[in-house]
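Me: I am new to this structure and would love a close look at one part of it. Could you pick a spot in the backbone that stands out, and then show me what else is worth finding?

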Amino acid sequence: MPASPTPRAVIPFLRRYGLAAVVFLLILALTLDNYRSAIHDEADATRERFRQIAQEQAYHLRQRTDNLVREADVLARQLAFAPDESRAHFGEIVAPLLSRQPEIRRLGTLRLQPGGATPGAFASFTIADTTLPPGLDDNLQRAATHPSSIATEPYPITRPDGTPGTALLILSPITRQPLPPFKADEVLFIEVAVDPLIDQALRASFSREIQRRLDLEIVDSTTVEHVVYRSPGFRIGSSSFADSISVADRQWLLIATADRIIETLDPSQEAGAQLFSGLSLGSLAAFILYVLQTRAEAIRRQVDEKTLALGDANASLEQYVQALGETNRLLESEVEKHARSESLLRETTTLQRAILDCAEYAIVYTDSSGVIRVMNPAAERLFGYRADELIGVQTPLIFHTPEDIARWTLAQRVSGFAAVAAAAENSGTREITLRRRDGSSFPANLSISEVQDTHHQVRGYLGIVADITQRHDAERRIRHLAHYDSLTSLPNRTLLGNHLADVIASARERQRRAAVLFTDLDRFKYVNDTLGHHAGDELLLAVAQRLRTCVRDGDLVARTGGDEFVIVLGNLDEGSVPQDIASRILTSLAEPFVLHGRRFTITLSIGIALYPNDGLDGAALIKNADAAMYLAKERGRNNFQYFDHGLSERFSERLEIENRLRHAIDDQQFVLFYQPQVDTLSGELIGMEALIRWRQPDGSMVPPDTFIPIAEESGLIVPIGAWVLREACRQNQAWQQEGLGRVPVGVNLSARQFDDAGLLDNIQSALAESGLPPAYLDLELTESLVMRNPEHTRSVLAECRKLGLQLSVDDFGTGYSSLSNLKRFPIDRLKIDRSFIDEIVTQADDAAIAQTIVAMAHTLRLEVIAEGVETDAQLALLRRWRCDAYQGYLCSRPLSAADMTQMLRTRRATREISLAVA
């Protein structure tokens, strides 16, 4: 037997082969681990793809069943309102549905009779074609009292090819009654084959490979689990997906499994390539390490031999190095001193150059005779000359204008550069005009300083120049902004006041007249709301241009803010009439404007005040012209009106009411009256509307139509409306706690309230303070307010709906809404404006409008309340039209809270007596 290797022989062996073997084994382990990870990742990716496909198929199946139920609902509603002659063509009506839905086996109607169900006279098929499904009578009775479509349990059928299958019935009540209780006399049925339904839904996006191996099972889990569909060989495994699908009022459970997909999954080519690459890399790395280790061993031996030889040589050189060391130390000391001096000089020069190069201002240095010696880059950029073009040349005068040079020559009595230097010595830093190489001039700050030597002799001059063009431009812009409108560039209020004061002074001196025209665009806010603020700015620019073309030279057109323009006409004699210019302005604005490709017509109202008749100063003339402008708006807009001294009394009265309103809020002078809303058939109280009244300290009442417009315009309607919300909620909660009735109270919202950002906070605060459930607060919005900005309205109403509030559209019929818009809002009821109710007995047109509103609202599943009902004849018509409720003097006038409490107690007592007698 060979002797075992000694430790001395083992060490070289390990050096040569050990590291290569370790590296090979390490790479092999990492490669195998990565291979296993790749296999697992591919399996996980397959599972994830399976889940995505299963979710997608559940979505397609849900969408197809929802479409069937929706088609059934639509067809049932269509049949409910269809005339008899339309039902005769029932087969033609449902033909498109049958072509779109191949899974529908039969479709028709059943009339419910005490003896059972019989096919409808106009059904396209009859139930008697095949065996009836079990439990059909119970399902028909349930469908007749259900508000929407229902589905039966799946039941077995025989397919056309003779194979067994599964089907179900979708039953929809055919009734015109949108509200409970429901009781239909006729039912629409649709028999649906389950297997074609599922095949149509699942065929949408299955890949061929997944489709061959994906197993599905669908179970009806509503009452007792019933298998609706099952793939051959289906079994629930470790990798499954489940989702719930609603079919009318039944729930299906879809279960998909991917075990067969995972089990048959083969490693991909990428994983095999990764394994092969890892093994190859390990082998190559081991081989390279083996070669490097062998070569390193040979080099190590050579190094050992050379080290011994160099040791002897180093010992002999050591003595020589020690001798040279002393000499080098002496030389290094001298070199270091010289290097420090040169370094300091370079740093100083570099610092000076950097200061010149980085300086923001232009720097020019000349000697005492004016020869340029230094120019920094800023000077080159400012004047347009290169430094090499001017250094050494006595040409500094080219920077100055001939006018400045001539002035300095005359002042200093010397010429040339001496005049420039003398002027600088006398004035120091000054603002002058300089020239560039291209001949253009610019404003600049110039500072010239003398440079003296140690003997105080002038060696040269240092000039520092700063371009102040931007400062001049900024000053001009500031002056323009201070006196002109930033959008239209018309004079603003400041320049208007100065100009008007000059015009009045001139008119007083020359004993002439002047006029102020105050204009305001009519309904300008509508432009901003419909076309956007950018279009509004374009319109203001166009209006400003037309106004300038309508006035004389010397007249002033100013914009004082928003859509208001003021025109000052000066130097008017007795024959000059301002109404000529006013008429010219109205005619000019009658031409349409083109905004964003659309033709748009805008009008304005003009108020005219004359000097000295209507005021002796500018403020009085502008104020009185403004008052005349409001008079023009009251008289229909798109006209002009002269100031009438009676307007001052009207506006003083308006201002007085506004001031009293502010005190009324603080002194709690407002009270709420309540007008009942009753059912047209039963006379039962179904709600009430809160109406604000202003009772002054002397007991007199201020009519709402007097103070509400002023409160709306001044913004006081916001705090007043917040008080109304709190008080109405508090009073209704008090009635409910006393047991006097649980009905909602209606509160009117103004446009200013609706646009207020704190509206929802005020509503929530009122409900929280009173404890009133949100369902008993009804917010009433006018039709014009709802349709003013549909997107904003939809957003606010959606938040109100989340709170659980009731929502009503007041004064319906007076605005410009449409069915397509109304159905987009989450509203509960419509209130027909009293202007349509007043003449429904005598005017056929008003009756037709009111009847149409009732029918339309019921089609949209909305309640209808008629306002202003005062006669029995009106109530009789409303009952015939099935109007839900009414309010007006026929039932009751608006009552104070105390009177309303007494009425509610009386109604409760009457009801209790009736129940006791019964």
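**A proline in a loop, and its surroundings**

Reply: Let's start with P612, which sits in the loop between β21 (604-611) and α18 (618-634). Please keep in mind that this is a predicted model. The peptide bond leading from Y611 into P612 is cis, and its omega is near 5°. That deserves a second glance, because most peptide bonds are trans.

Now follow the chain past α18, to the loop between that helix and β22 (640-642), where you will find N638. N638 is not a glycine, yet its phi is positive, near 55°. With a relative accessible area of 40%, N638 is partly exposed. S489 is another residue to look at: its phi is about 65°, again positive in a residue that is not a glycine. You can find S489 in the loop between α13 (469-483) and α14 (493-510). S489 counts as partly exposed because its relative accessibility is 40%, between the 20% limit for buried and the 50% limit for exposed. Most residues other than glycine have a negative phi.

From the backbone, let's turn to the interior. The largest nonpolar core holds 77 residues, and L661, I763, L777, L779 and I827 have the most contacts inside it. Helix α21 (residues 717-737) is the top contributor, giving 7 residues to this core. A second core, separate from that one, has 38 residues, among them L68, A151, V192 and L216. If you zoom in on I827, you will see it in contact with L797, R801, L807, V809, L822 and L862, leaving aside neighbours within four places in sequence.

Two members of the second core, L68 and V192, also touch a charged residue, E103. E103 lies in the loop between α3 (90-100) and β1 (104-113). E103 counts as buried because its relative accessible area is 0%, under the 20% limit. Its side chain makes a polar contact of 3.1 Å with the side chain of R64. Beyond its close sequence neighbours, E103 also touches other residues, including E191, A193, P196, L197 and Q200.

Finally, come out to the surface. There, L284, F287, I288, V291 and L292 make a nonpolar patch of about 470 Å². One of them, V291, belongs to helix α8 (residues 269-358). V291 is partly exposed, at 39% relative accessibility.

Terms used
Residues are numbered from 1 along each chain as its sequence is written. This is a predicted model: local features need pLDDT of at least 70, side-chain atom pairs count only at pLDDT 80 or more; totals for chains, interfaces and linings use all residues. Side-chain values use heavy atoms; hydrogens and water are left out. A nonpolar core is a set of buried Ala, Val, Leu, Ile, Met, Phe, Trp, Tyr and Cys residues joined through side-chain atoms within 4.5 Å. Buried means under 20% relative accessible area, exposed over 50%, partly exposed in between (1.4 Å probe, protein chains only). Helices (H or I, at least four residues) and strands (E, at least two) are DSSP runs, numbered from the N terminus. Contact means heavy atoms within 4.5 Å. Patches are made of residues with over 30% relative accessible area and no salt bridge: like charges are joined within 9 Å, nonpolar side chains (Val, Leu, Ile, Met, Phe, Trp, Tyr) within 5 Å. Accessible areas come from the Shrake-Rupley method with a 1.4 Å probe; for residues, only the protein chains shown count as cover. A salt bridge is a side-chain nitrogen of Lys or Arg within 4 Å of a carboxyl oxygen of Asp or Glu. A polar contact is a pair of N or O atoms within 3.5 Å; within protein, one must be able to donate a hydrogen and the other to accept it, and residues adjacent in sequence count only if both atoms are side-chain atoms.
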